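Please open the model in your viewer and keep the sequence beside it, since this tour moves from one selection to the next.

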Amino acid sequence: MKTILFLDDWMLDSRRNLERTFVGPTRSPRRVEFAEPDAPVIGGYTNVVRDGRTGLWRMWYTVQGKQAIAGKNFNTFLCYAESDDGFVWRRPDLGYWKQLGFDASLRNAVKFDRYPTVTYKVTLDAFEPDPTRRYKLVAADIEGPITDNKIRGTLYVSPDGLEWAQLPGAQWYDGRMGSDTDNNVFFNPVTGRYQIVCRSSCLDRRVAMVESPDLLNWTDPLVALGPDTLDEPLPQFYSMTPWWYRDHFLGLMQVQRIASTEPSAAKWLGKIHDELIYSYNGVYWNRTNRRPVMPRGRLDEPGSQAIYTNAVVEQEDGQLRFYSVCYTVEHFAAEPPEPVKVDPTLVVHTLRPEGFVCLEPPAGYGQLATRGLIPRNGDLRLNFAAPNGRVWVQVSNAEFKPFDGYTFDDCIPLSGDDVNAPVRWKDGRTLDRFVNDWVRLEFKLFQSQLYAIHWDFRIQYGDCILERI
């Protein structure tokens with residue numbers, strides 16, 4: 001089954017009286033909390049996954065501290081928590097803290113065969129065939145002070161996310177100042193290569209990537225996305241969280257707005273929000289509406305000044321859940337410039353399946369038509385919302401002439417709200433007769449929103465070397 005999302009018009013041949021509407025996730029009224037009274041302060045680089053085998057929610061987060069072992073000054077400590085519902089979390093006593101010489105406040109610290117200076121984000125690699133490498137972690141070893149240091153990027157792998165082993169020879173970065181951001185690794189099923197989202201250097205706040213065919217040999221950082229002339233003045237791209245979704249790559253990019261009045265060689269102050277971006281191949285990325293996905297909220301709410309969305313989880317019903325580290329203070333350096341409260345809070349947002357963007361008529365009836373499609377089966381399904389409206393579908397040839405029995409008038413109208421609704425015509429007809437034939441789909445909407453088209457097809461817009469979606 002393939003999915004057409006309406007992030008752009010690439011899959012369309014015609015669109016009349018339909019507007020593209022970007023729909024942001026909704027903040028959950030439930031608070032994220034820990035069952036234990038000595039709740040930790042959640043740091044950056046948080047990730048949450050849901051174990052499909054056990055139903056358990058699992059979270060990794062970093063804690064900053066000053067504990068040292070054998071003369072090594074660790075900047076961050078990687079800790080683990082688990083939950084039955086993703087809201088109330090418990091910190092299991094893993095026992096490794098005793099071996100590492102930590103105090104009991106880090107009883108849920110994970111184990112490393114060699115503890116790195118800095119840990120970034122844990123990722124679960126759904127494409128990994130080796131069970132000992134299902135979980136991956138980007139890390140770094142740092143020599144020297146933060147203002148003038150030597151950084152060597154390292155990688156760790158784990159079968160369970162609790163016991164980590166450094167991958168020998170895997171050096172994804174080697175240079176001065178390093179990449180000070182949410183460095184995270186993912187496998188690209190389109191190119192067959194691994195990629196790490198990073199920066200080209202510490203204060204170059206743009207989205208860069210390094211690539212590897214084997215996790216060992218990495219390219220130099222290459223900038224994949226930077227501000228352009230259509231942006232508001234002086235934005236910087238702080239970091240990016242990507243994920244593979246419905247044959248697309250989606251990303252939440254953290255945009256930092258800076259103060260041009262700040263007397264500093266590097267701009268430390270700034271409000272931060274998430275922006276939706278996407279890619280068909282994971283290498284070249286596109287912007288959307290350049291607006292915050294999640295509004296920052298009131299001044300007294302978590303996230304009023306900064307939102308870093310680090311985790312996206314698809315639930316069993318397809319609904320998406322977003323975990324964001326939210327602040328009521330702007331991004332800052334060592335200390336905020338004013339005596340304000342620094343209180344990072346983990347906040348949850350939710351969104352319907354494929355609910356980022358839809359097409360809907362501004363008034364009256366709207367119509368669209370796809371490019372040519374060659375279906376592999378007749379099971380066409382739609383993600384739509386029309387609680388007080390209708391959606392119709394017809395099947396046409398290259399000249400937009402509908403086939404007999406498959407016109408709008410023959411279609412059984414869809415109404416209500418469904419993320420996977422089957423399309424039928426009179427007498428229960430499906431699209432089985434069109435398998436392996438060239439067709440286009442046409443849609444007519446009234447007081448409705450169309451989020452996605454689900455169908456197993458080949459795309460007919462030329463002889464493509466590699467099918468992207």
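Buried here means under 20% relative accessible area, with exposed over 50% and partly exposed in between (1.4 Å probe, protein chains only). The model is a predicted one, in which local features need pLDDT of at least 70 and side-chain atom pairs count only at pLDDT 80 or more, while totals for chains, interfaces and linings use all residues. Residues are numbered from 1 along each chain as its sequence is written, and side-chain values use heavy atoms, with hydrogens and water left out.

Begin by selecting residues 76–83, which form strand β10 (strands are DSSP E runs of at least two residues, numbered from the N terminus), where 8 of 8 residues are buried. In a regular strand the side chains alternate between the two faces of the sheet. On one side of β10 you will find Thr76, Leu78, Tyr80 and Glu82, and on the other Phe77, Cys79, Ala81 and Ser83, all of them buried.

Next, add residues 57–64, strand β7, which runs antiparallel to β10 and is joined to it by 8 bridges (two strands pair if DSSP finds at least two bridges between them); here tryptophan 60 stands opposite tyrosine 80. Then select residues 88–90, strand β11, which pairs with β10 in the antiparallel sense over 2 bridges, with arginine 90 as the bridge partner of glutamate 82. Between β10 and β11 the hairpin has 4 residues, and glycine 86 takes a positive phi near 85°.

Finally, go to arginine 199, in the loop between β18 (193–198) and β19 (207–212). Leaving aside neighbours within four places in sequence, its contacts (heavy atoms within 4.5 Å) include Tyr173, Asp204 and Tyr238.
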